[in-house]
Every structure is written in C-alpha cells, then in structure tokens.
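Please open the model in the viewer and keep the sequence panel visible. The tour proceeds by selection, one region at a time.

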Amino acid sequence: MAEGDTAKSTCSMEMFSGDFSAYMACKTQFALQSNWWPSPIAGLLSFQAWNSLSAFWENGIILETYANFVAFVGNNTRYTGIIKSSNRNLSSLKQAYGSIPSFDDMAWYALSFARIYEIFCWNEFLTNSVDVFDWLWKTAWDSNGTCGGGMWWNNGYRQKVTITNTISLQAAGKLYRFTNDTKYLHQMHEIWSYLLRNGIVDNSTYLIHDGPTPNCTGNNFIGPTYLGGTVIGGLVEFYKIYKNETYLDLANKIAQAEIRNSTNKSSGILTEYCEPRCNDDQKVFKGIFVRNLRYLIDVLVDGKQKEEYQRYLDHNVKGIVQYSVCDKHPIQNCNIVFQYGPPYYNESGPVFAPNWNGPFTRGSPMQQIAALDLFISAIKPGTTCNGEFCDFNPYYPPPKPLTCNDKPCPRTNHAVIILLLNRIHVVVPTKNVSVEFVHE
C-alpha cells in the first residue's frame with residue numbers, strides 16, 4: 001500500500017452493490033487498521049494487539065468482528081491475514097497474564113476461535129478453542145456446586161459474574177456442533193441451568209443481571225448491553241442444535257427488553273448505561289450486543305421480527321454517521337489517540353466517539369470496534385463484494401523483538417519489570433503481561 005493511502009482508495013459503494021453499511025464497515029475497518037495496527041509494543045506480547053488496545057480480552061473480541069465481515073459479505077477476504085495470524089495456543093494465551101488469566105478474558109478467545117473455525121474451517125483454531133474451553137472448565141467451573149455451579153470470574157475464586165458464563169455458553173454450543181462431543185452439550189446445559197437457577201435472566205423484565213448474590217439470586221445490577229447480547233448468542237446456539245423455537249422466543253424477549261432499556265428515548269439510538277462516562281472496556285459493549293442481535297436475525301423465522309431488528313440497526317447506522325463521526329481532512333484534526341506511538345501507516349478516517357448519540361470527542365480502538373460491529377451487523381443478507389480490493393491484505397511488519405532500551409514501553413503506574421532467564425514479566429497493578437525478552 002502506498003504511503004498516504006486512505007479508506008477511500010480501497011472502499012467504495014460500488015464494491016458492495018450500494019450497501020451503505022458494508023461500505024462503512026470497509027472504511028471503518030481500514031481506519032482501525034491504519035491507525036492502530038500493529039501495536040508498537042507487539043513484540044512484548046504473547047497475543048495479537050492493536051495500538052492502545054492492550055487489554056487482553058478486547059484483542060480477543062475483535063477477532064470475531066473481523067471474521068463476521070468475511071462471513072456476511074460474499075467474495076470478501078479483506079484482512080484475512082490478520083485473522084489467520086491471530087491464532088495462539090493455550091500456553092501463549094496463559095502467558096499474557098503470567099500465572100493465571102481472568103476466566104472471562106480467556107473465554108472470549110475460546111469463542112472467537114470457534115467462530116473463526118465456523119467461517120473458515122481452519123482446524124488449528126478449533127483445536128485451540130477446544131483447549132482453551134477445556135482448561136476453563138477444569139479451572140473455572142465451581143465443582144463444589146455453590147449456587148448450582150457456574151464459572152468463577154478469576155483465580156481468586158470469590159466472585160461469579162454473568163459474562164464469564166454467557167460467553168462459555170456460546171462457546172460450548174459451538175464446540176458441540178463442530179466436534180459432536182456430547183460433553184460440550186452437557187456443559188452447555190449445566191451453564192444454562194446455573195443461569196436460570198440464580199435468576200440471572202429476570203423473569204419479569206427479561207433483562208440480565210450482572211451476577212448472583214451470595215443468596216443465589218440476581219444481583220439487580222442491570223445495564224451492560226453485552227450481557228443481553230451474549231445470552232441471545234447462547235440461545236441462538238441452542239436453537240441451531242435443537243431447532244426448538246422456544247429458544248428464539250426467549251431470545252426475542254431478551255432482545256426487545258435490552259432495546260427498550262438501552263435505547264435513548266429522544267434519538268432512538270442504542271446507548272450504554274454508563275455513557276457519557278464509560279471506561280475503555282465498556283465502550284465496546286454495544287458492539288457485542290449488536291453482533292449477537294445479528295446472529296438472532298439470521299435464524300429468525302418471523303419475517304416481521306427480522307425487519308424490525310434490521311430497521312433498528314439501520315437507524316443506529318444513520319445515527320452514528322450523523323452524530324458521532326469525525327472524518328476531517330487532514331484526519332489529524334480528529335483527535336486520534338495513540339497510546340504507544342504513531343501508526344505504521346498514515347492515519348485514516350472515519351473515527352467514532354464512544355457515544356453513538358455524539359458529539360465526537362476522540363478516536364480510539366475501543367469505540368472503533370463497536371462502530372465496526374454495528375456496520376457489519378447491519379449489512380443486508382446476500383451482499384457481495386466486487387472488485388480488486390475485495391481481497392485487500394496489506395503488508396504489515398512482523399512484531400519487533402524489544403529490549404529494555406526500546407521505547408515506547410507499556411505505560412502504566414508502578415510497573416515492575418522482573419528479569420527471569422530470557423523472559424520478563426511486566427507486572428501492572430491489576431494484571432500481568434508475559435513478554436518475550438531479547439537479552440543483549
């Protein structure tokens with residue numbers, strides 16, 4: 001790719017037969033890659049990372065987003081090199097945290113790898129998805145049966161949160177479908193029984209509680225949109241296995257409840273409960289919800305319900321493009337954040353604010369992923385790509401081995417660097433990142 005290329009060079013409405021959402025997905029993905037890939041500190045990490053998207057789990061969820069763009073647009077293989085190069089085995093993923101990673105973070109990789117296998121049939125991704133999920137079940141599942149089981153949040157074994165279990169619910173369903181191993185179906189049912197037994201799916205509102213109380217009831221913290229999204233995704237997996245429409249009925253009730261609860265009454269736009277003060281993790285929640293809403297759309301038999309959800313996605317696309325975007329010339333005027341240094345290629349737009357209601361504030365990878373998920377989810381079924389850029393896979397340099405003399409270094413408060421043989425661990429306040437060290 002020549003220096004100075006922009007999204008306009010490789011994306012056009014004509015490529016996607018006039019599908020606006022596919023066109024915007026193309027431009028948004030291009031900007032995400034141009035601005036934040038690869039991370040200047042990629043050589044420090046045992047997983048694939050975007051610049052300033054150094055949180056382990058967010059790098060896991062973006063893989064499902066990229067795979068979906070290929071799945072939802074025929075003859076589209078854009079950035080498949082990035083997808084394929086993301087494959088990591090269990091050992092490499094565990095190194096990202098030193099001793100033991102948070103269980104919900106690892107579950108995202110089990111799910112993303114399974115989704116990649118579903119689309120591309122790359123056996124190595126299925127192998128690693130199986131290994132990660134089996135490790136989760138052995139390490140995170142409460143075999144003592146407190147509150148009927150459930151996945152623990154982390155290796156402190158003191159708290160259970162819904163998201164670990166709902167991601168695992170989806171992953172187990174996929175692994176059963178892909179391997180025909182009934183242990184995954186049994187585990188899927190165990191997770192679902194745990195969620196129902198603890199009232200995680202509210203029987204009156206159909207909203208999703210963030211976790212159980214010590215008394216094994218829903219904790220009344222309701223708001224994060226990705227909770228509803230991942231439960232919907234799990235119910236879609238149940239439907240694919242059993243072809244029982246009661247799973248779709250419940251998924252519809254949860255989707256409608258989430259839309260009612262999380263839609264701005266004035267604008268009709270999906271709005272996260274924490275906005276406008278969401279942290280970086282929370283900025284991607286809406287994207288996870290809409291991707292799972294698309295999974296539901298794809299299996300629904302009720303045509304009117306399909307159209308209702310499609311209109312909702314289309315309305316959000318119009319809203320984010322009208323209120324929350326910056327695509328100035330030069331793009332440097334858009335206040336784009338780079339945590340670890342400038343990008344390899346020239347900066348590009350469009351970039352998006354966290355709040356789809358606007359106004360635009362700054363561009364960073366977290367909200368860019370959510371916007372990309374929205375555009376991909378709104379692509380009309382049957383859309384195909386035509387032209388020379390449908391297989392766009394630009395060159396990216398391999399991660400550069402880094403030493404203690406290299407900059408930038410991971411930016412964190414009170415970082416402690418421990419040299420151990422030929423490996424260092426960068427110990428940050430909350431999580432450890434295991435990195436390869438080149439001894440000079």
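**Two helices side by side**

Helices α10 and α12 run roughly parallel to each other, because their axes cross at roughly 25° and angles under 35 degrees count as roughly parallel. The model is a predicted one. Select residues 225-242 for α10 and residues 285-299 for α12; the two axes come within 8 Å. The crossing of α10 and α12 is left-handed. To display the contact, show side chains on α10 for residues including Thr225, Tyr226, Ile232, Val236 and Tyr239, and on α12 for residues including Phe285, Ile288, Phe289, Tyr295 and Leu296. By class, the contact of α10 with α12 comprises ten nonpolar, six polar and two charged residues.

**A residue on α11**

Next, select Gln256, which is placed in helix α11 (residues 245-262). Its relative accessibility is 25%, so Gln256 counts as partly exposed. Leaving aside residues up to four places away in sequence, Gln256 touches Gln305 and Tyr309. Now add Gly228, one of the α10 residues that meet α12. Gly228 and Gln256 are 28 residues apart in sequence, and their C-alpha atoms lie 9.8 Å apart.

**The whole chain**

Zoom out to the full chain, which has 440 residues, 59% of them counted as buried. The secondary structure consists of 14 helices and five strands. Among contacts with a separation of 6 or more, 70% join residues 24 or more positions apart.

**Helices α3 and α6**

Select residues 56-72 for α3 and residues 103-120 for α6. The axes of α3 and α6 come within 8 Å and cross at roughly 15°. That angle makes α3 roughly parallel to α6. The crossing of α3 and α6 is left-handed. On α3, the residues to display include Phe56, Trp57, Ile61, Leu63 and Phe72; on α6, the residues they and their neighbours in the contact meet include Trp108, Tyr109, Leu111, Phe113 and Ile116. The contact of α3 with α6 contains 16 nonpolar, four polar and three charged residues.

**From α6 into α7**

Move to Cys121, in the loop between α6 and α7. Cys121 is not a glycine, yet its phi is positive, at about 60°. With a relative accessible area of 52%, Cys121 is exposed.

Then select α7, residues 123-140. How far apart are the end C-alpha atoms of α7? They are 25 Å apart, which agrees with the 26 Å that its 18 residues should span at 1.5 Å a residue. Buried residues of α7 include Phe125, Leu126, Val130, Phe133, Trp135 and Trp137. To see what surrounds them, display α4 (80-84), α5 (90-95), α6, α8 (162-179) and α9 (182-197), against which the buried residues of α7 pack.

**Backbone details in the loops**

Two cis peptide bonds can be inspected in turn. The bond from Trp37 to Pro38 is cis, with omega near -10°; Pro38 is in the loop between α2 (20-36) and α3. The bond from His329 to Pro330 is also cis, with omega near 0°; Pro330 lies in the loop between β1 (325-326) and β2 (351-352).

Finish with Asn335, in the loop between β1 and β2. Asn335 has a positive phi, near 55°, although it is a residue other than glycine. At 43% relative accessibility, Asn335 counts as partly exposed.

Key:
Residues numbered from 1 in each chain as written. Predicted model: local features only at pLDDT ≥ 70, side-chain atom pairs only at ≥ 80, totals over all residues. Heavy atoms only, no water. Axes fitted to C-alpha atoms, helices over the stretch in contact; angles between N-to-C directions. Helix = DSSP H or I, 4+ residues; strand = E, 2+ residues; numbered from the N terminus. Parallel < 35°, antiparallel > 145°, perpendicular 65-115°, else oblique. Left-handed = near helix turned anticlockwise from the far one by under 90°. Contact = heavy atoms within 4.5 Å. Nonpolar A, V, L, I, M, F, W, Y, C, P; charged D, E, K, R; others polar. Expected span 1.5 Å × (residues − 1). Buried < 20%, exposed > 50% of the residue type's maximum accessible area, 1.4 Å probe, protein only.
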